[in-house]
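Colleague: I've got this model open and would like a close look at one part of it, the cysteines. Could you take me through them, and then through whatever sits around them?

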Amino acid sequence: MDYFPNEDLIEELSDSNESFSLNATFTEEIDYGVNYIAIPTVYFLLSAFGLISNALAFYITLRYTKLSKTINIYIFNLIIGDILVMFGLVFTASQQIKLSWPFGSFVCKMVMTIDFINPLVSIFFIMVMSISHCVSVYCPKKSSVCQRLTVAKLLSALTWLIAFLFVLLVIIFADVDTLTDQCTIIWPKPGTLWDATYTICVFAMGFCVPISVSGISFLLLLVKAKSVVSSADPTSCRGTSGAKLMIGLWIVFILCWLPLNLLSVIDVIVGLPGELVRAYDLVVILAYTKSCINPILYRFLSDDYKQGYKSVLGC
């Protein structure tokens with residue numbers, strides 16, 4: 001799914017030299033194979049792996065963790081977001097193969113909304129987890145409020161609502177372009193201004209701010225951990241058992257989503273150079289990969305999920 005206008009920057013070359021024409025034809029064949037065969041195939045493979053792995057994590061959450069801890073409630077919401085985006089990826093791959101959008105306006109809005117809301121939900125929940133963890137470590141007497149399951153559920157609902165407000169414009173303007181028959185965002189005029197404003201605002205408020213807040217929280221946890229080691233008082237470090245999982249989720253999110261966000265901002269400000277346009281498909285694939293990596297992190301970095309995976313898979 002396109003996160004910024006997909007302009008055809010490959011110029012049609014004309015030259016009387018026969019060998020040059022053959023090279024141009026060969027390049028077009030490569031582009032066709034990459035765009036309409038290789039990339040959709042990768043999309044389908046990612047979708048299959050992501051749906052299976054997240055469905056397994058979904059089952060383990062309900063069957064073994066039973067949402068008995070606040071962190072598991074937040075993870076459960078992350079899993080739901082990843083399942084939705086992996087399901088939507090099937091439609092995106094189909095569009096790239098068919099060179100058109102055959103699913104209608106409603107499904108277009110639904111898939112675009114899922115595509116845009118997933119990264120926001122992911123980083124917002126990571127931020128909520130990091131803040132809650134930091135409060136539990138630094139203010140253990142007041143942390144009981146943050147650790148209540150009812151509070152976690154209310155915060156989860158609020159997080160989804162805020163993410164929904166961020167993508168409200170996508171819901172309004174996402175539609176099937178009658179000229180290209182593609183599912184995209186049809187901004188009102190001036191389209192470039194709308195696109196630039198929305199992209200920069202989402203990057204600032206939906207990426208930079210939560211990434212920074214989470215990073216500061218992790219640094220504070222690291223400082224506290226060092227003080228606990230020096231004081232030899234392990235009881236003062238309660239609540240830090242899930243820190244590795246949260247930091248892992250945070251790092252993976254940055255690695256997977258930062259390239260696409262940067263390309264989007266560069267595109268709306270100065271326009272993408274040709275070599276970066278060719279890398280666009282790769283960074284989109286990288287962004288989707290995040291939803292496939294998260295279940296692996298649950299398996300190896302969460303004690304609750306380790307036991308659940310062992311019970312289900314025997315390993």
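Modeller: Here is a walk through the cysteines, followed by a few other spots. Keep in mind that this is a predicted model.

Let's start with the bonded pair. The disulfide count comes to one, and the link runs from Cys108 to Cys183, with the sulfurs 2.0 Å apart. In general, a disulfide is a covalent bond between two cysteine sulfur atoms. This one is right-handed, with 90 degrees about the S-S bond. It ties together distant parts of the chain: Cys108 belongs to helix H3 (residues 104–138) and Cys183 to strand E2, 75 residues apart. Both Cys108 and Cys183 are buried.

Now step along to Thr184, which is also in strand E2 (residues 183–185). Leaving out residues up to four places away in sequence, Thr184 touches Cys108, Met112, Phe173, Ala174, Asp175 and Asp177. So which of those contacts can be given as a distance in sequence and in space? Take Met112: 72 residues separate it from Thr184 in sequence, yet their C-alphas are 7.6 Å apart.

What about cysteines beyond that pair? Cys256 has a relative accessible area of 3%, so it counts as buried. Its closest cysteine sulfur is the one in Cys292, and because 9.4 Å lies between the two sulfurs, they are too far apart for a bond. The cut-off here is 2.5 Å. Cys208, for its part, is partly exposed, at 30% relative accessible area.

Asn261 is worth a click too. It lies in helix H8 (residues 243–269) and, with a relative accessibility of 15%, it counts as buried. Again skipping residues up to four places away in sequence, Asn261 touches Phe203 and Phe207.

Moving on to the helices, H9 (residues 274–301) packs against H10 (residues 303–313) at about 95 degrees, with the axes 6 Å apart. That angle makes H9 roughly perpendicular to H10. On the H9 side the contact uses Pro295, Tyr298, Arg299, Phe300 and Leu301, while H10 brings Asp303, Tyr305, Lys306 and Tyr309. Sorted by type, the residues of this contact are six nonpolar, three charged and no polar.

Last stop is helix H2 (residues 70–98). Its 29 residues reach 43 Å from first C-alpha to last, close to the 42 Å expected at 1.5 Å a residue. H2 is mostly covered, with 22 of its 29 residues buried. Right after H2 comes Leu99, which has a positive phi, near 65 degrees.

Definitions and conventions:
Residues numbered from 1 in each chain as written. Predicted model: local features only at pLDDT ≥ 70, side-chain atom pairs only at ≥ 80, totals over all residues. Heavy atoms only, no water. Axes fitted to C-alpha atoms, helices over the stretch in contact; angles between N-to-C directions. Helix = DSSP H or I, 4+ residues; strand = E, 2+ residues; numbered from the N terminus. Parallel < 35°, antiparallel > 145°, perpendicular 65-115°, else oblique. Contact = heavy atoms within 4.5 Å. Nonpolar A, V, L, I, M, F, W, Y, C, P; charged D, E, K, R; others polar. Expected span 1.5 Å × (residues − 1). Buried < 20%, exposed > 50% of the residue type's maximum accessible area, 1.4 Å probe, protein only.
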